[in-house]
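Me: I am new to this structure and would love a close look at a single part of it. Could you take me through it step by step?

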Number of protein chains: 2
Amino acid sequence: MPPRIVQVRQGLLKKNDAIAAALRADFAAAGTFVVNLVSGPGTGKTLLLERTLSALRDRGRRPAALVGDLATDNDAVRLARSGAPVRQINTHGLCHLEADMVGRHLQGWNLAEHNYLFVENVGNLVCTASYDLGESLRVVLLSVTEGEDKPLKYPTLFNTADAAIITKCDLATACEFDSAEAERNLRAVRPGLPIVSLSAKTGDGMDEWLAFLESRRGSEG
Amino acid sequence: MPPRIVQVRQGLLKKNDAIAAALRADFAAAGTFVVNLVSGPGTGKTLLLERTLSALRDRGRRPAALVGDLATDNDAVRLARSGAPVRQINTHGLCHLEADMVGRHLQGWNLAEHNYLFVENVGNLVCTASYDLGESLRVVLLSVTEGEDKPLKYPTLFNTADAAIITKCDLATACEFDSAEAERNLRAVRPGLPIVSLSAKTGDGMDEWLAFLESRRGSEG
């Protein structure tokens, strides 16, 4: 990249980091555990989030969600069916969420009323990596339909993740997906990365995912 | 986006467009039909390209390929098995290919020896839209595993495409994929878009794709 755009970009990233740090302090003060869900398009972020919001509400938690897309509010409409408060962030073509978009879309919500806030990022396996949203946990999704090699070919985002979920496991056999190889590749990029395999469609692995979330939230408080 | 970065970005895009225009003139002079394959990660670009290169060689064509990734040369190694000349473009973390990367990686090749040049872009359903690579045909892949709504949620790239391929059709039933809805959504964003459905794995639909390519190449000459 030419020096001039690198300079402008670093200035923007610095500004984003400052807003993210302020958000993180607000989230901590309110006791809200924030999860940033990142992945390429079509890995099943919305279905996972729909099932996660419902399951947490069944356990007496009070989750909320922000959902980012370049266009449409399809996902917010769909997620609202869980009963949790949900807002759409329309990026109008921008390829990632930024901290100030998150901050603006929280206005009017009392964070202290929510144990969890999920932020579903734009489907982009590259550009979302550079933007801290003030989250406690960045979770990257890898779908069995994408192939085992994605962590090696898109290392940046996987390298910034705190946990990985292998999604759509019900399709693993049809896709000839090699779980052991995928986990090896994930940990080659990010040693020690916690990995949960699940299918939001069948429910397999959801208990492990929810237990992981609850234990991480507990260790924050 | 702040005015300053918009200005710098527009300057870069203008520079890219100038390089792309020069490449396009070179390709036309050499009689090389250039296809830019774009999509999110994991839609099956590499397998489709592998099968396409082999099938075109079987028909006496002389295709070559450039393949873009943030890291690794896995795809170039894999594609070279087809017998076609293949080079890897490693973007070192950049989220899209640019025209000057294409130009630099063509050095030493005699374009006139190749009827086709395929460029496999970085897996990114957003940022690849803005960068003309001098191609004759921009083909966007939508996998049945990604869901029918992707054209509506990521309209920019679909709107710049000259054709769409619905991939991994062997998984359509397992994914409860609604083909008619996907085609409606594709054409809502890009009216009149030619669409081919195929499975590179089973071979279904490959003949239609190859016939489409050959007819487009023919109409160029």
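How many disulfides does the structure hold over all chains? And what surrounds strand β4 of chain A?

Reply: Happy to help! This is a predicted model, and it holds zero disulfides over all chains. Take A:Cys169: its closest cysteine sulfur belongs to A:Cys175 and lies 10 Å away, which is too far for a bond. With a relative accessibility of 25%, A:Cys169 counts as partly exposed. B:Cys95 is in no disulfide either, and for this residue the nearest cysteine sulfur, in A:Cys127, is 3.6 Å away. A disulfide needs the two sulfur atoms within 2.5 Å. B:Cys95 counts as buried, because its relative accessibility is 11%.

Now to the strand you asked about. β4 of chain A covers residues 116-120, and five of its five residues are buried, so the strand is largely enclosed by the rest of the structure. In a regular strand, side chains alternate between the two faces of the sheet. Here both faces are covered: A:Tyr116, A:Phe118 and A:Glu120 are buried on one side, while A:Leu117 and A:Val119 are buried on the other.

β4(A) also has strand partners. One of them is β1 of chain A, residues 33-38, which pairs with β4(A) in the parallel sense over five bridges; within this pairing, A:Val35 has A:Phe118 as its bridge partner. Another is β2 of chain A, residues 63-69, again parallel to β4(A) and joined to it over five bridges. There, A:Ala64 is bridged to A:Leu117.

Key: Residues numbered from 1 in each chain as written. Chains lettered and ligands numbered in written order. Predicted model: local features only at pLDDT ≥ 70, side-chain atom pairs only at ≥ 80, totals over all residues. Heavy atoms only, no water. Buried < 20%, exposed > 50% of the residue type's maximum accessible area, 1.4 Å probe, protein only. Helix = DSSP H or I, 4+ residues; strand = E, 2+ residues; numbered from the N terminus. Pairing = 2+ DSSP bridges.
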